[in-house]
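Please look over the sequence and the model below. The text then goes from the whole fold to one helix pair.

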Amino acid sequence: MILLLLLLGFGIALIATIIPSATNLLVLKKATGGSIFKAMFVAYGAALGETIVAGFAISFGFLVKKLYQDYLWIQIAFVVLMLLAGILLILKKSSSQTSEDEAHQNFGTGFLLGFLNIPMFIFWVAVLSSISSYVFIGKNSPWSVILSFLSGVLIGKVVMLYAYARLSDFFSKKFSNLENKMNIVIGIVLISAAVFQSIKLITA
């Protein structure tokens, strides 16, 4: 049962992470800069952030979703955060940092991208609801069940982001000056997500 839950979390996280996102693009950017090591700090942070999100979905999924839907200011706050992050990335210029400072910054950036990912929270709530007929994973489940599933999520996220990092060699050969362009691409993705969420709020 433990192995099944581990594989279940692993498989779902793989599928969820295949889709290109700001996190995936940031990992690709860091790896294109010549360091898988830097890219993996982003991956570890993002994986931890999203695993916590999955944990929230297990424990408080429907409650948090209801709060998010009922309070407009929470939705607006997330839109503003995504918009500001996108603008800052587009305007960001390269700076010199020590390897230790950069490692901490990469981990923190990855964590925020994973933790503040509202669509992924909704995804995990939907997934847990869909599989509940076969495997129930909720706040009343034994800790061994919850931790096994979340461990699979964490490992799956890291593995897929590592695969993205390894793709950097291919992309760097195909596209020149990719590293400098990735900030703009990631910024556009975040701004687009903010605009899309704004449209949903206005038309709701």
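How many helices and how many strands make up the secondary structure of the protein? There are nine helices and zero strands. The model is a predicted one. Read along the sequence, the pattern is α-α-α-α-α-α-α-α-α.

Next, the chain as a whole. The protein has 204 residues, and 41% of them are buried. Its accessible surface comes to about 11600 Å². Carbon and sulfur atoms hold 71% of that area. Now take the contacts with a sequence separation of 6 or more. Of these, 88% join residues 24 or more positions apart.

One helix pair deserves a closer look. Two packed helices are described by the angle between their axes and the distance between the axes. Here the pair is α1, residues 2-18, and α6, residues 118-131. Their axes come within 12 Å. They cross at roughly 135 degrees. Angles over 145 degrees would count as roughly antiparallel, and 65 to 115 as roughly perpendicular. The crossing falls in neither range, so α1 and α6 are oblique to each other. The handedness of this crossing is right-handed.

Which residues of α1 and α6 meet? From α1 come Leu 8, Ile 12, Ala 13 and Ala 16. From α6 come Met 120, Phe 123, Trp 124, Val 127 and Ile 131. What is the character of this contact: nonpolar, polar or charged? The residues divide into nine nonpolar, no polar and no charged.

Definitions and conventions:
Residues are numbered from 1 along each chain as its sequence is written. This is a predicted model: local features need pLDDT of at least 70, side-chain atom pairs count only at pLDDT 80 or more; totals for chains, interfaces and linings use all residues. Side-chain values use heavy atoms; hydrogens and water are left out. Helices (H or I, at least four residues) and strands (E, at least two) are DSSP runs, numbered from the N terminus. Buried means under 20% relative accessible area, exposed over 50%, partly exposed in between (1.4 Å probe, protein chains only). Contact means heavy atoms within 4.5 Å. Accessible areas come from the Shrake-Rupley method with a 1.4 Å probe; for residues, only the protein chains shown count as cover. Axes are lines fitted to C-alpha atoms, for helices over the stretch in contact, and angles run from 0 to 180 degrees between N-to-C directions. Angles under 35 degrees count as roughly parallel, over 145 as roughly antiparallel, 65 to 115 as roughly perpendicular and the rest as oblique. A crossing is left-handed if the near helix is turned anticlockwise from the far one by less than a right angle, and right-handed if clockwise. Ala, Val, Leu, Ile, Met, Phe, Trp, Tyr, Cys and Pro count as nonpolar, Asp, Glu, Lys and Arg as charged, and the others, Gly among them, as polar.
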